[in-house]
Amino acid sequence: MNNKINKIAAIYIRVSTTYQEEGNSLEKQKERCLQEAKEKGYEISEIYTDVESGSKDDRSGFLQMLTDMKLHKFHVLIVTEFSRISRKTRTLLEFLEQFQNNGVDLISITQSIDTTTPVGKLMFSLTGVLAEFERDQTRVRVKHTLTSMAKSGKFTGGVVPYGYTLKDKKLIINPEEAENIKKAYSLFIKGYSKRSIGLTLGIPSTSLQRMLTTPFYTGKKVYNKRATTPNGKLRVTNENEWLISDGEHEAIIDKDTFKLASSMNIKKPLKESSYILTGLLKCYHGHSIHGKKGGPNRYYLCSNKECCKKFIESESLEQSILDQIINFNSSKIITDISYLERIKEENINKIKELQMEKNDLTSQSKMLLNLTLNGTITEEEFKLKREELSQLSTSIDNEINSLNKDNESMKVEVENQELFEQLSEKLKNTSNKKEIKNILQIIIKEIRFINDFEYNITFNI
């Protein structure tokens, strides 16, 4: 308490020419601020006053207050609310930072922010976060400038790529390094491993990998190969995120050579499994069942060797599952589409009626305000009626939200049924194992055996 008594406070009050009529006059602001200072035991050094719009930053009283603040003539500034300082969010944040940097505490009465208290300091620190966000926008604008430069083919800075030197802000071929790049491509196309090429030319493996995969050496400018995540970490982007344009620099590798090397860089795909139920099957103890070849035949076997030792012949099981899906009558578990559409239409009409009721409540609320201003009803009657209208409005909003959720659920249900029918039709007309497996992964969540001969299918849709 003693710390507060020793502090000197200043008061800032402001009205626009029209705001004074709305119950927040200079006198009332002054009265509230003086009362706040009295309760906290502050000595008032000055009361700064302006009768100007909060969108103007050159207010005489405000400028004088800023000058005195920098001269440390007061330790605390009291306002009725932050909008008295400025009505422009960005400007307000800048001013709040100035107060913070000059060690001046702030008290906003209506917003209950007092930076002389721990809670107040926490609330006030949020303004610093917002100010930082504003500064981040500047960084984004810089990035946009770099992106524009990249699209124009200009060098955007950073480490000068191997094979080039920088002269007058332009990339010029380094003959010795360029020769190494050409040798690397030539050896790679002839079938030499990247490890042996790296050892022969004295190029690190990571640098060699980039060298053999980037279109940069064909005269292209590549930008955005790395990007910053929202939490500030650097990540390697996918090729579809790269920005590629014609560069200002001269090419070292021709396009045909690069294309040939790129095709050799593509990893060979893993052998496609012929077991279309892989990842879907579970035994009655919940263990995964995977495909296994036994001589000329194909089987499914539990992954837990101590569990189910029975082999399940794959062809008969797969055909049984496919037949059930293809011949499945989806209407047995999914409500009829026409019925759902009818209910949905009824809900839409009900929402329209409720919206009209809400509009009527809004009109009643405005009329109620006029009756109060005219003195037709008392302030107490106004409060009671307004509360009643507010409750009715909330009830209508809840009902509208509920109907919208029901409609959304029905929409998903209809879409699922239609998707199921489309995928079932595709299964009838394809013999491609990969396509069949992909369709089953979409339709089925799990196939779980309940004994050695029976199973249950759980659907995704």
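These are my notebook entries on a predicted model, taken in the order in which I looked things up.

**Entry 1: the chain as a whole**

I began with the overall counts, and found that the secondary structure comes to 13 helices and 17 strands, in a chain of 461 residues of which buried residues make up 33%. I then turned to how far apart in sequence the contacting residues are: among contacts between residues at least 6 apart, 62% join residues at least 24 apart.

**Entry 2: confidence**

Before reading any detail I checked the pLDDT, whose mean over the chain is 78, with 76% of the residues reaching 70 or more. Over residues 128-135 the pLDDT is below 50, and this stretch has seven contacts in the model beyond near neighbours in sequence. Residues 137-146 also have a pLDDT below 50, and for that stretch I noted five contacts beyond near neighbours in sequence. Where pLDDT is low, the predicted coordinates should not be read in detail, so I took neither stretch further.

**Entry 3: an open sheet and two helices across it**

I followed one sheet strand by strand and found five strands in the order β2-β1-β3-β4-β5, forming an open sheet with mixed pairing. The edges are held by β2 (43-51) and β5 (113-114), each of which has a single partner strand, so one side of each is left without a neighbour in the sheet. Within the sheet, I looked at strand β1 (residues 8-15), which runs parallel to β3 and is joined to it by three bridges; for alanine 10 the bridge partner in β3 is leucine 77.

I next asked which helices lie across these strands. Helix α2 (residues 26-40) lies across β1, β2, β3, β4 (105-108) and β5, and runs at about 160 degrees to β1. Helix α3 lies across β1, β2 and β3, and runs at about 150 degrees to β2.

**Entry 4: two residues with positive phi**

Most residues other than glycine have a negative phi, so I looked up two that do not. Histidine 72 has a phi near 60 degrees, and I placed this residue in the loop between α3 (60-70) and β3 (76-79). Lysine 169 has a phi near 65 degrees and sits in the loop between β6 (164-167) and β7 (170-173). Are these two residues buried or exposed? Histidine 72 is exposed, at a relative accessible area of 52%, and lysine 169 also counts as exposed, at 74%.

**Entry 5: asparagine 174**

Going on past β7, I came to asparagine 174, in the loop between β7 and α6 (175-189). Asparagine 174 is buried, because its relative accessible area of 18% falls under the 20% cut-off. Not counting residues up to four places away in sequence, asparagine 174 touches Gly163, Tyr164 and Thr165.

**Entry 6: cysteines 283 and 302**

Why do cysteine 283 and cysteine 302 not form a bond? The sulfur of cysteine 302 has its closest cysteine sulfur in cysteine 283, at 4.0 Å, which is too far for a bond, since a disulfide needs the two sulfur atoms within 2.5 Å. By this rule I counted zero disulfides. Both side chains belong to buried residues: cysteine 283 has a relative accessibility of 2%, and cysteine 302 has one of 6%.

**Entry 7: glutamate 318**

I looked up glutamate 318 in helix α10 (residues 314-326) and found this residue buried, with a relative accessible area of 4%. What does its side chain meet in a polar contact? The partner is the side chain of arginine 298, at 3.3 Å. Leaving aside neighbours within four places in sequence, I listed the contacts of glutamate 318 as Ser274, Tyr275, Ile276, Leu277, Arg298, Tyr300 and Lys433.

**Entry 8: isoleucine 439**

My last look-up was isoleucine 439, which lies in helix α13 (residues 433-443) and counts as buried at 4% relative accessibility. Its contacts, leaving aside neighbours within four places in sequence, are Leu423, Lys426 and Leu427. I also took the distance to phenylalanine 420, which is 19 residues apart from isoleucine 439 along the chain: their C-alpha atoms are separated by 9.7 Å.

Terms used: Residues are numbered from 1 along each chain as its sequence is written. This is a predicted model: local features need pLDDT of at least 70, side-chain atom pairs count only at pLDDT 80 or more; totals for chains, interfaces and linings use all residues. Side-chain values use heavy atoms; hydrogens and water are left out. Buried means under 20% relative accessible area, exposed over 50%, partly exposed in between (1.4 Å probe, protein chains only). Helices (H or I, at least four residues) and strands (E, at least two) are DSSP runs, numbered from the N terminus. Two strands pair if DSSP finds at least two bridges between them. Contact means heavy atoms within 4.5 Å. Axes are lines fitted to C-alpha atoms, for helices over the stretch in contact, and angles run from 0 to 180 degrees between N-to-C directions. A polar contact is a pair of N or O atoms within 3.5 Å; within protein, one must be able to donate a hydrogen and the other to accept it, and residues adjacent in sequence count only if both atoms are side-chain atoms. pLDDT is the predictor's confidence in each residue, from 0 to 100.
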